[in-house]
Amino acid sequence: MSSTSRDTARALAYPEPPASLCWHRTGPAPRPLTPEQQRANRELLALASRTPRPRTARTTSRSETR
């Protein structure tokens, strides 16, 4: 990719919108996780990272679901 096309792509990109006021939290800070919750999360993450995802083929026809 040449620098000209890269500069053009950057110039044509939309600017990032300003952050919404709704995104800011005004309530109390969330409670920290307990050591038990942290351990459970670590175990679930380790299990999810080792378990292969099933490789089922998706059908293209929608007549089976109707």
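Okay, to kick us off: how many residues apart are Arg 39 and Glu 43 in helix 2? Keep that in your heads for a moment. What you see above is a predicted model, so treat it as that.

The answer is 4 residues, which is about one turn of the helix, with both of them in helix 2. And they do touch base: the side chains of Arg 39 and Glu 43 form a salt bridge, 2.4 Å from N to O.

Now look the other way along the helix. Arg 39 also has a salt bridge with Glu 36, where the closest N and O atoms are 2.3 Å apart. Here the spacing is 3 residues, again about one helical turn, inside helix 2, which covers residues 35-50. Searching the whole structure turns up 2 salt bridges.

Let me go back to the Arg 39 and Glu 43 pair, at 2.4 Å from N to O. Because salt bridges with shared partners link up, Glu 36, Arg 39 and Glu 43 end up in one network.

So how covered are these three side chains? Glu 36 is partly exposed, at 48% relative accessible area. Glu 43 is partly exposed too, at 45%. Arg 39 comes in at 32%, and that also counts as partly exposed.

Let's zoom out to the chain. We have 2 helices and 0 strands. There are 66 residues, and buried ones make up 0% of them. The accessible surface of the chain is about 7,500 Å², and 57% of that belongs to carbon and sulfur atoms.

If you open the model, start at Arg 39 and find its salt bridges to Glu 36 and to Glu 43. That's it from me.

Key
Residues are numbered from 1 along each chain as its sequence is written. This is a predicted model: local features need pLDDT of at least 70, side-chain atom pairs count only at pLDDT 80 or more; totals for chains, interfaces and linings use all residues. Side-chain values use heavy atoms; hydrogens and water are left out. A salt bridge is a side-chain nitrogen of Lys or Arg within 4 Å of a carboxyl oxygen of Asp or Glu. Buried means under 20% relative accessible area, exposed over 50%, partly exposed in between (1.4 Å probe, protein chains only). Accessible areas come from the Shrake-Rupley method with a 1.4 Å probe; for residues, only the protein chains shown count as cover.
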